[in-house]
Structures are given as C-alpha cells and as structure tokens.
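Good morning, and thank you for coming. Please take a moment to look at the sequence and the structure on the screen.

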Amino acid sequence: MKARDIMVTDVPSITTKTTVAEAVRIMKSNFGDESFLNAAPGLIVVNERGGLAGILTPLSIITAIMDGAPEGKSDPAFFGSLCDRIKDLPISVIMEHQPISVTQDASVSDVARLFLTHRFQRVPVVDGKKVVGLIYRSRLLFAISQSLQVAP
C-alpha cells in the first residue's frame, strides 16, 4: 500500500500572505463547528509558486496568541487583546516552516513511522514541491487496521 492509496486530494490550503484572522476563519469553516471533535484542523501553506511552504496547526495559532501572555487571566477581554496583537500578521510569521512530506509512492509503513516519530496529525503528499494530497492520522489507522474491523 502506498501514500496515494490513503491520501485525500481535497487539501485545505492558504498562502504565506494570508492573515492569522483569515486563516482561523478558513480553518473553522473547513472543519465545522466545535462539536466536530474528530476533525484534525490545520491548513497547508503554499508559497507564491504553489509549492509547499509550511503547515498551520491550531497549536501554531495558540502558541502565537499566548506568546508572552501573563499567567492567570482568562476573561474574554484578555484573550481579545492577545488576538489583536496577531490577527493581521501573515501566516508566514507563525506557521511551521519545515514541514515533512512524503511522495505518492511512499510506503504506508514509512508514513506510519513518520506519524509515530513526530506525533503528526497530518502529512502532506507532494509531487515535486506541489501538494497533491494529505494523509490524516485517522486515514492511516483505518488503512493499516483493516483486519481488526469486524463485520456487523
């Protein structure tokens, strides 16, 4: 089994110039409301040539929001002021810059090892530098655990 066999091709992406506020809006619209607990929200970041530039995860955004914030405050005004500091920043400032990717021909075993080593939620699949797919942790699990599935 290869990466191409388990990847999704509808890849949510943004450019390096997208603002943090716009990225959060896109992330929320792509992954539904707060009750959708199984989602692995995140966005692929592409450069001006359409090549893989990075990954934006919820943790990237939370880290940027909380950077330098004093401990102990939790009211909406406090978080509002923290968000105001970063909302107009381009994603290139806060994204993960050196994403690990695989090719369509990568073995599923190699993909599994990447997930285990790096604790990823998702891995981009590339053809050259162009993103052609994405493998989510859940897709990997379902692909490698087929023999565990019992028919009803």
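I shall begin with the whole chain and then turn to one of its sheets.

What you see is a predicted model, in which local features need pLDDT of at least 70 and side-chain atom pairs count only at pLDDT 80 or more, while totals for chains, interfaces and linings use all residues. Residues are numbered from 1 along each chain as its sequence is written, and side-chain values use heavy atoms, with hydrogens and water left out.

The protein chain contains 6 helices and 6 strands; here helices (H or I, at least four residues) and strands (E, at least two) are DSSP runs, numbered from the N terminus. Read from the N terminus, the order of elements is α-β-α-β-β-α-α-β-α-β-β-α. The C-alpha trace spans about 50 × 40 × 25 Å along its principal axes.

Of the 152 residues in the protein chain, 39% are buried, where buried means under 20% relative accessible area with a 1.4 Å probe, protein chains only. Among contacts with a separation of 6 or more, 61% join residues 24 or more positions apart; a contact means heavy atoms within 4.5 Å.

Let us now consider the sheet. It is open, has 3 strands in the order 4-5-6, and shows mixed pairing; two strands pair if DSSP finds at least two bridges between them. Strand 4 (102-103) and strand 6 (130-136) are the edges, each with a single partner strand, so one side of each has no neighbour in the sheet.

How are strand 5 and strand 6 joined? Strand 5, residues 122-127, runs antiparallel to strand 6, and 6 bridges join the two. Val-123 has Ile-135 in strand 6 as its bridge partner, and Asp-127 is paired in this way with Lys-130. The two strands form a hairpin with 2 residues between them, and Gly-128 in the turn has a positive phi of about 70 degrees.

Finally, there is the matter of what lies over these strands. Helix 5, residues 108-118, lies across strand 4, strand 5 and strand 6, and runs at about 70 degrees to strand 6; axes are lines fitted to C-alpha atoms, for helices over the stretch in contact, and angles run from 0 to 180 degrees between N-to-C directions. Strand 6 itself is mostly covered, with 5 of its 7 residues buried.

Notes:
Buried means under 20% relative accessible area, exposed over 50%, partly exposed in between (1.4 Å probe, protein chains only).
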